[in-house]
Amino acid sequence: MSRGTWIGAGLLGLLLAGCQAGPRPIQGLNQPLSGLGDSQSPSLNSDWLALISTRAGSRAQVQLIDRRRNAPVPLPGLNRPDSLPISVAVDQRGERLALVRQRGDRSELVLHRRSLQASQTVPIEPAGVPQRVSLSADGRVLAVEVSRAGLWQVDLLELP
Amino acid sequence: MLGLSGCALLPLSRQSATPTGLGAESRQEPALSGDGRLLASLAERGGRTTVVLQERRTGQVLALRHLRNRQPHSSPSLSWNGRYLALLVQQGGRRQAVIEDRATGQQHPLFLPAGQEPQQLSLAPDGQSIALELINGGSRRLQVFSLTGMLEPDRPPGLRESGGGPP
């Protein structure tokens, strides 16, 4: 093997090593995601991916992908025909989902427990318009961006 | 502000994020660490939208020296112990996703194919994968990338394989 070939092989090796250390698309998960239509508001952990997807001609819906199966799981009691999801977050166990959604002319913050198939509306106090939500992976703290009198604020709520 | 709010299923303890600047300032895009100890959010600093990292309970602001001069920042996301902060920064005329390792001071830029503009991101709490919302040709798509081999895991203390972020 010539000196030039060795140098070329070395450079290629370095390039590949660099590629291996960089971010790599997870095809097993990206493939089903591509079939969901327009998607936004990701909330990712090692077992779950929550998102809002809009298929052509359909209303936006919250989806929860089980990363062990790379497939959506049903969310009975969460998506409603009279509401439009704006922001979603999921905890590490995939048990609690926090959601900001538009119902009629107002936005509301909702906490959903998947095992109970139950949602509760969380009051915004003092009154304001919720927009984005974050849930700690341990499911114990919720942070929500709220518009009050022209000012954006962040409310924090501890969950038992 | 601290109070209690009764709900049908869960009682909630409520507080506002401690202001970090002068008086009542605007705060947006909150992101909690996996353990809920840290809060990242966006505030205006010198007329530029800048990520602020703070202890949730005390409001103490933690330094992020490596992100200066790359505003506007957006879409912050934290790992479990807050070792990693992922966010979008301005790089020339484009938005770029970067991950700051608070334990080492290293910054990891995530290079995307040309024509794909990141709008939002979510870092998995263990720091081993990241979801990016990308705009391509007018449509919004999510893509998930593995970060194994690039970042050490940042897991809850009982599961941790490497050191967490600074206190």
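**A sheet shared by two chains**

Colleague: Over how many bridges do β1(A) and β13(B) pair?
Modeller: Happy to start there, and do keep in mind that this is a predicted model. Within the pair, Pro25(A) has Phe145(B) as its bridge partner. The two strands run in the antiparallel sense, and the pairing of β1(A) with β13(B) covers two bridges.

Colleague: Thanks! In what order do the four strands of that open sheet run?
Modeller: Let's begin at the edges, which are β1 (24–25) of chain A and β11 (117–123) of chain B, each paired on one side only. Between β12(B) and β13(B) there are eight antiparallel bridges, while β11(B) pairs with β12(B) over six bridges, also antiparallel. Put together, the order is β1(A)-β13(B)-β12(B)-β11(B).

Colleague: Which residue of β13(B) is the bridge partner of Ala131(B)?
Modeller: Ala131(B) can be followed across the sheet, since on one side it is the partner of Ser122(B). A second bridge between β11(B) and β12(B) joins Leu121(B) to Leu132(B). Towards β13(B), the partner of Ala131(B) is Val144(B).

Colleague: Which residue in the turn between β12(B) and β13(B) has a positive phi?
Modeller: There are two hairpins to look at here. In the one made by β11(B) and β12(B), five residues lie between the strands and Gly127(B) has a positive phi near 75 degrees. The hairpin of β12(B) and β13(B) has two residues between its strands, and the one with a positive phi, of about 65 degrees, is Gly137(B).

Colleague: Is β12(B) largely enclosed or open, and how many of its residues are buried?
Modeller: Across chain B, buried residues make up 41% of the 167 residues. For strand β12 (residues 129–136) of chain B, the burial count is high enough that the strand is largely enclosed by the rest of the structure: of its eight residues, the number buried is six.

Colleague: Which strand supplies the largest share of the largest nonpolar core?
Modeller: That core has 69 residues, and those touching the most other members include Ala50(A), Leu97(A), Ala86(B) and Ile130(B). Ala86(B) touches Ile130(B) as well as Ser77(B), Ala97(B), Ile99(B), Leu121(B) and Leu123(B), leaving aside residues up to four places away in sequence. The largest share, six residues, comes from residues 84–91 of chain B, which form strand β8.

Colleague: How many strands does chain B have?
Modeller: Helices are quickly dealt with, as chain B has zero of them. Read from the N terminus, its elements are β throughout. Contacts between residues 24 or more positions apart are 37% of those in chain B with a separation of 6 or more. The number of strands in chain B is 13.

Colleague: Which strand gives the most to the side of chain A that touches chain B?
Modeller: The contact draws 49 residues from chain A and 50 from chain B. By class, the chain A side has 24 nonpolar, 15 polar and ten charged residues. Its main contributor, with eight residues, spans 151–158 of chain A and is strand β12.

Colleague: At about what angle does helix α2 of chain A run to β13(B)?
Modeller: This helix covers residues 27–34 of chain A. It lies across β1 of chain A together with β13 (139–146) of chain B, and its angle to β13(B) is about 165 degrees.

Colleague: Finally, over which residues of chain A does pLDDT stay under 50?
Modeller: Chain A has a mean pLDDT of 89, with 87% of its residues at 70 or more. Where pLDDT is low, predicted coordinates should not be read in detail. The model has two contacts beyond four places in sequence for the stretch under 50, which is residues 5–20.

Conventions
Residues are numbered from 1 along each chain as its sequence is written. Chains are lettered from A and ligands numbered from 1 in the order in which they are written. This is a predicted model: local features need pLDDT of at least 70, side-chain atom pairs count only at pLDDT 80 or more; totals for chains, interfaces and linings use all residues. A nonpolar core is a set of buried Ala, Val, Leu, Ile, Met, Phe, Trp, Tyr and Cys residues joined through C-beta atoms within 7 Å. A residue is buried if 20 or more other C-beta atoms lie within 10 Å of its own, exposed if 12 or fewer, and partly exposed in between; C-beta atoms are placed from the backbone. Two residues are in contact if their C-beta atoms, placed from the backbone, lie within 7 Å. Two strands pair if DSSP finds at least two bridges between them. Axes are lines fitted to C-alpha atoms, for helices over the stretch in contact, and angles run from 0 to 180 degrees between N-to-C directions. Ala, Val, Leu, Ile, Met, Phe, Trp, Tyr, Cys and Pro count as nonpolar, Asp, Glu, Lys and Arg as charged, and the others, Gly among them, as polar. pLDDT is the predictor's confidence in each residue, from 0 to 100.
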